[in-house]
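Reader: I'm new to this one and keep tripping over the labels. Could you walk me through how they are earned?

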Amino acid sequence: QAKRNGRNAFELFRPEMNQRNEHRLRLRAELHKAIEQGALELAYQPQLAIAADRVVGLEALARWHHPELGTIPPSEFIPLAEESGLILPLGRWVIRAACRQMMLWQAQGLDGFRVAVNVSVRQMRDAQLPEFIDATLTASGLAPERLELEITESLLLENAEAHIALLQRLHARGIRLSIDDFGTGFSSMAYLPRLPLDQLKIDGSFVREIPGDGEAITTAIIAMAHQLRLEVVAEGVEDAVQFEYLRQAGCDVLQGYLLSRPLTPDQAGDFLRRDVASAVPASAVAPAAH
Ligand code: C2E
Ligand code: MG
Ligand code: MG
Ligand code: MG
């Protein structure tokens with residue numbers, strides 16, 4: 001069939017397709033190596049609780065700086081990792097590295113915030129995930145309440161019952177659960193009240209359209225999240241107009257370039273220290289002053 005109908009197209013596109021394939025194969029081999037050699041890094045983007053005006057979390061974002069190919073963005077290597085199965089070792093490395101970093105900060109007196117790691121659907125299908133997370137928390141000493149898993153909405157499209165059971169296991173251990181990129185996945189919202197969630201993250205694509213069409217959507221998501229007793233994070237907040245809109249709409253947490261770009265661990269440590277330094281000490285707050 002392909003021969004008969006597609007010969008011309010096949011001949012025409014073959015060199016390009018081969019090049020693409022070769023590039024992907026090379027990237028895949030290089031990614032495998034990078035994971036094994038511990039050559040990936042994590043960047044940390046601060047999240048600000050708007051009412052309290054303090055950092056309540058950091059999102060860990062994978063970074064790959066290849067010596068020859070340069071910096072490869074997650075939008076390129078995460079899908080590759082998902083297709084090739086490398087997302088399992090990659091995802092485990094991310095969880096381990098984030099927990100270790102949190103304990104390094106804790107040893108420097110920096111705590112009172114959480115770390116959020118992105119977990120792909122493929123990882124959620126890994127039956128050993130809860131045991132792995134347990135073992136990692138135990139080995140690192142990080143309190144489960146300080147670890148948050150960001151899962152995408154698309155998870156809810158498939159095999160919901162099995163996923164709900166897995167989420168319940170994780171949540172029962174005290175781990176926080178968040179739905180990432182909310183509003184982009186066309187999931188069945190009917191499942192939302194049944195999931196043991198703590199947080200919804202409004203996708204940056206809606207925030208980008210403030211002022212404008214993004215206003216109705218973000219306001220509706222915030223109202224729904226609060227009805228479900230979930231914390232709401234707005235991601236991709238880049239300017240003061242967006243921030244002010246979201247603050248007045250009752251959004252709980254802000255994440256975006258307006259506050260900070262994703263930072264190296266050292267930069268994030270400095271950011272956290274400045275945040276602590278600028279906070280009003282509890283003893284200075286009069287009991288009646290709300
Ligand atoms: P995400 O989890 O939704 O992360 C937010 C993305 O928005 C990050 O892109 C972040 O750098 C970017 N961002 C933050 N603030 C702003 C802003 O104000 N403006 C704009 N334009 N962008 C902003 P990044 O780091 O390139 O990651 C892209 C996606 O790759 C992530 O989206 C996540 O889905 C995936 N990803 C990153 N690290 C991991 C990981 O360790 N594991 C998995 N499974 N996925 C990851
Ligand atoms: Mg995320
Ligand atoms: Mg997101
Ligand atoms: Mg996103």
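**How the labels are earned**

Author: Start with Asn-118, which counts as partly exposed at 29% relative accessibility. This is a predicted model, where local features need pLDDT of at least 70, side-chain atom pairs count only at pLDDT 80 or more, and totals for chains, interfaces and linings use all residues. Side-chain values use heavy atoms, leaving out hydrogens and water.

Reader: Why is Asn-118 called partly exposed?

Author: Buried means under 20% relative accessible area, exposed means over 50%, and partly exposed is in between (1.4 Å probe, protein chains only). Asn-118 has 29%, so partly exposed is the label.

Reader: What makes Glu-59 buried?

Author: Its relative accessible area is 4%, and buried means under 20%, so the label fits.

Reader: How do you know which residues are protein donors of the magnesium ion (ligand 2)?

Author: Donors are N, O and S atoms within 2.8 Å of the metal (3.2 Å for Na, K and Ca); water is not among the atoms, so sites may look incomplete. Glu-59 (OE), Asn-118 (OD1), Glu-150 (OE) and Asp-180 (OD) lie 2.0 to 2.2 Å from the ion, so they qualify. Asp-180 also bridges this ion and the magnesium ion (ligand 3), 4.0 Å away from it.

Reader: What makes Thr-136 a residue that touches Ile-95?

Author: Contact means heavy atoms within 4.5 Å. Not counting residues up to four places away in sequence, Thr-136 touches Ile-95, Arg-96 and Cys-99. Thr-136 itself is buried, with a relative accessible area of 6%.

How values were computed. Residues numbered from 1 in each chain as written. Chains lettered and ligands numbered in written order.
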